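Dear colleague,

Please find below the structure for your review. My notes on its helix packing and charged pairs follow.

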Amino acid sequence: YHGATGDIDGAWHLLEMIPPDKLSNYSAELLLKIELDRKRPEALALARRTDCFDLRNGRHWQYLAQAEEQAGQLEAARAAWEKAVFYYPDDAALMEAATAFAAKYSDPALAQAITESGKVYGRSDR
């Protein structure tokens, strides 16, 4: 409710009260998004957890990539972007962010993965 109504502080405070071992995929994803937006150092540790996320969730991999990039871990960010592209190749915003990362860091392997996923989903713009 708090997140949906724009009360990000309220959402963050509620999510912070959830014991770490009780975070669901959705609550962990929302908490991670808030922590990334606020550039909190806790975002990286949360993003690296595998116990509370559905590992087929491309958004999780996108947020992990962003957290790794914020931490200066570019190789780990690249690997996370590849998983994000694999799991959510039909998400235009995710693919745009992956493309921007690949261009920013001159990453031909990621650019190729993006191109290949575009072929699978019939996109001619990638």
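The structure, which is a predicted model, holds 11 salt bridges. Three of them are described here, followed by one helix pair.

Within helix α2, the side chains of Asp37 and Lys33 form a salt bridge with an N to O distance of 3.2 Å. These two residues lie four positions apart in the helix and are therefore separated by about one helical turn. Asp37 is exposed, at 55% relative accessible area, while Lys33 is partly exposed at 36%.

A second salt bridge joins Arg40 to Glu35 (3.8 Å, N to O). Glu35 is buried, with a relative accessibility of 3%, whereas Arg40 is partly exposed at 22%.

The third pairs Lys104 with Glu69 at 3.3 Å, N to O. This bridge connects distant parts of the chain, since Lys104 belongs to helix α6 (residues 92-104) and Glu69 to helix α4 (residues 58-70), 35 residues apart. Lys104 is exposed, at 57%, and Glu69 is partly exposed, at 22%. Elsewhere, salt bridges with shared partners join Glu35, Arg40 and Glu42 into one network.

As to packing, the axes of α1 (residues 8-17) and α2 (residues 25-37) come within 10 Å and cross at roughly 125 degrees, so the two helices are oblique to each other. The crossing is left-handed. Ile8, Ala11, Trp12, Leu15 and Glu16 of α1 meet Ser27, Leu30, Leu31, Ile34 and Glu35 of α2 in this contact. Seven of the contact residues are nonpolar, one is polar and two are charged. In α1, the buried residues are Gly10, Ala11, Trp12 and Leu15, and α2 is included in what covers them.

With kind regards

Notes
Residues are numbered from 1 along each chain as its sequence is written. This is a predicted model: local features need pLDDT of at least 70, side-chain atom pairs count only at pLDDT 80 or more; totals for chains, interfaces and linings use all residues. Side-chain values use heavy atoms; hydrogens and water are left out. Axes are lines fitted to C-alpha atoms, for helices over the stretch in contact, and angles run from 0 to 180 degrees between N-to-C directions. Angles under 35 degrees count as roughly parallel, over 145 as roughly antiparallel, 65 to 115 as roughly perpendicular and the rest as oblique. A crossing is left-handed if the near helix is turned anticlockwise from the far one by less than a right angle, and right-handed if clockwise. Contact means heavy atoms within 4.5 Å. Ala, Val, Leu, Ile, Met, Phe, Trp, Tyr, Cys and Pro count as nonpolar, Asp, Glu, Lys and Arg as charged, and the others, Gly among them, as polar. Buried means under 20% relative accessible area, exposed over 50%, partly exposed in between (1.4 Å probe, protein chains only). A salt bridge is a side-chain nitrogen of Lys or Arg within 4 Å of a carboxyl oxygen of Asp or Glu.
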